[in-house]
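Trainee: I would like a close look at one part of this protein. Please take me through the ligand shell and whatever packs behind it.

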Amino acid sequence: MSPAPSKVTERGTVCDVIASPEPLSFRPATVSDADALAQALVDGVEDYRSFAPPEWTPPSRVRVAEHLRGQLGDDEVWCLVAEAEGQLVGHVIVSPAARSARPVDEPALAHMGNLFVRRDFWGSGLAKTLHEAATGEARARGFDEMRLFVAAGQARARRFYEREGWMQASEEFDDPGPGLVMVEYRYALRGRTP
Ligand SMILES: CC(C)(COP(=O)(O)OP(=O)(O)OC[C@H]1O[C@@H](n2cnc3c(N)ncnc32)[C@H](O)[C@@H]1OP(=O)(O)O)[C@@H](O)C(=O)NCCC(=O)NCCS
């Protein structure tokens, strides 16, 4: 059965959430989570084959883990993981856009990356909980706005972001990094009810 929607109530600390029947717990990720997070990412993009070019292949788990190890060791990068029964079921990353892939010289702009939820938790409210935690953390870190890049063909994620108030901020463009057509979204952190 899917867990009930839940809230992360504390920033930067372990926070158990009462949800029936599986309690979710949330904690900041550490470098030792890199391999599990990389696996979650590779699993999470498997569906992208349905819209990706035929020659597309998922990113290498080893390379993703290597990149994550660098990110997770950086104080300016924040990653929240959600676990159920000791297993990773979701995560999200917030970093300064100035230091992310596709850096921009906008100190008040945060970058949201890797909002991933394990498939059996889709529709459970966990994505919304992680999203609220990420926007709350970015606000607490003094950012005014957030951006993300999503695959143009990832309809479910785009629907989710648009429902949460994100606005499309670019035309679709070919990104040789992931080998996908991507689109940028932005989200104002100030002047809205958290
Ligand atoms: C993106 C993700 C985090 C969203 O979490 P989720 O639990 O699936 O999201 P929700 O179910 O709350 O919301 C999805 C929305 O899309 C809608 N939706 C579902 N299937 C859809 C589809 N095929 N096309 C369009 N919209 C769809 C749902 O109805 C819902 O909208 P609604 O609440 O207005 O009805 C999750 O699907 C995921 O981890 N996907 C794989 C990884 C990924 O691509 N992450 C994004 C990286 S940028």
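**From N114 outward**

Mentor: N114 sits in strand β5. Bear in mind that this is a predicted model. N114 is not a glycine, yet its phi is positive, at about 55°. As a general matter, most residues other than glycine have a negative phi. N114 is also buried, since 21 other C-beta atoms lie within 10 Å and 20 are enough to count.

Stay with β5, which covers residues 109–117. This strand is one of the elements that supply at least two residues of the shell around the ligand. The others are α3 (126–140), β6 (145–151) and α4 (155–163). In total, 17 residues surround the ligand. The closest are W122, A127, A155, A157 and R159. Helix α4 gives the largest share of the shell, with 6 residues. By class, 10 of the shell residues are nonpolar, 3 are polar and 4 are charged.

Now take L109, which also lies in β5. L109 is buried, with 20 other C-beta atoms within 10 Å; the cut-off is 20 or more, so L109 just meets it. Leaving out residues up to four places away in sequence, L109 touches A97, V104, F143, E145 and R147. M146 is 37 residues from L109 along the chain, but their C-alpha atoms are separated by 5.4 Å.

M146 leads into the core. The largest nonpolar core holds 46 residues. Those with the most contacts inside it are L80, V92, A110, M112, L130, A134 and M146. Look at A134 from that list. Beyond its neighbours within four places in sequence, A134 is in contact with L80, V92, V94 and M112.

A134 is also one of the buried residues of α3. The full set is L126, A127, T129, L130, H131, A133, A134, T135, E137 and A138. Note A127 here: it is buried in α3, and it is among the residues closest to the ligand. The length of α3 fits a regular helix: its 15 residues should span 21 Å at 1.5 Å a residue, and its end C-alpha atoms are 21 Å apart. After α3 comes G142, with a positive phi near 95°.

Next, what else packs against β5? Start with α1. Its buried residues are A34, L37, A38, A40 and L41. Seen down the axis of α1, they fall within an arc of 160°, so they line one face of the helix. The cover over these residues includes α2, β4 and β5.

That brings in α2, residues 61–72. It has 12 residues and reaches 16 Å from its first C-alpha to its last, close to the 16 Å expected at 1.5 Å a residue. V64, L68 and Q71 are its buried residues. Viewed down the axis of α2, these fall within an arc of 55°, so they line one face. The general rule behind such a face is that an α-helix has 3.6 residues a turn, so residues three or four places apart point the same way. On the other side of α2, V62, R63, E66 and G70 are exposed. The cover over the buried residues of α2 includes α1 (34–44) and β4 (87–96).

Two loop residues deserve a stop. V45 lies in the loop between α1 and α2. V45 has 19 C-beta neighbours inside 10 Å and counts as partly exposed, because buried starts at 20. Q154 is 109 residues away from V45 along the chain, and the C-alpha atoms of the two are separated by 9.5 Å.

R102 is the other. Its place is in the loop between β4 and β5. Like N114, R102 is not a glycine and has a positive phi, near 55°. Their surroundings are opposite: R102 has 12 C-beta neighbours inside 10 Å and counts as exposed, whereas N114 is buried.

Finally, place all this in the whole protein. It has 4 helices and 9 strands. Along the sequence they follow the pattern β-β-α-α-β-β-β-α-β-α-β-β-β. Of the 194 residues, 34% are buried. Among contacts between residues at least 6 apart in sequence, 57% join residues at least 24 apart. The L109 and M146 pair, 37 residues apart along the chain, gives one local view of the chain coming back to β5.

Notes:
Residues are numbered from 1 along each chain as its sequence is written. This is a predicted model: local features need pLDDT of at least 70, side-chain atom pairs count only at pLDDT 80 or more; totals for chains, interfaces and linings use all residues. A residue is near a molecule or strand if its C-beta atom, placed from the backbone, lies within 6 Å of it. Ala, Val, Leu, Ile, Met, Phe, Trp, Tyr, Cys and Pro count as nonpolar, Asp, Glu, Lys and Arg as charged, and the others, Gly among them, as polar. A nonpolar core is a set of buried Ala, Val, Leu, Ile, Met, Phe, Trp, Tyr and Cys residues joined through C-beta atoms within 7 Å. Two residues are in contact if their C-beta atoms, placed from the backbone, lie within 7 Å. The expected span of a helix is 1.5 Å times one less than its number of residues. The arc is that of the directions from the helix axis to the C-beta atoms.
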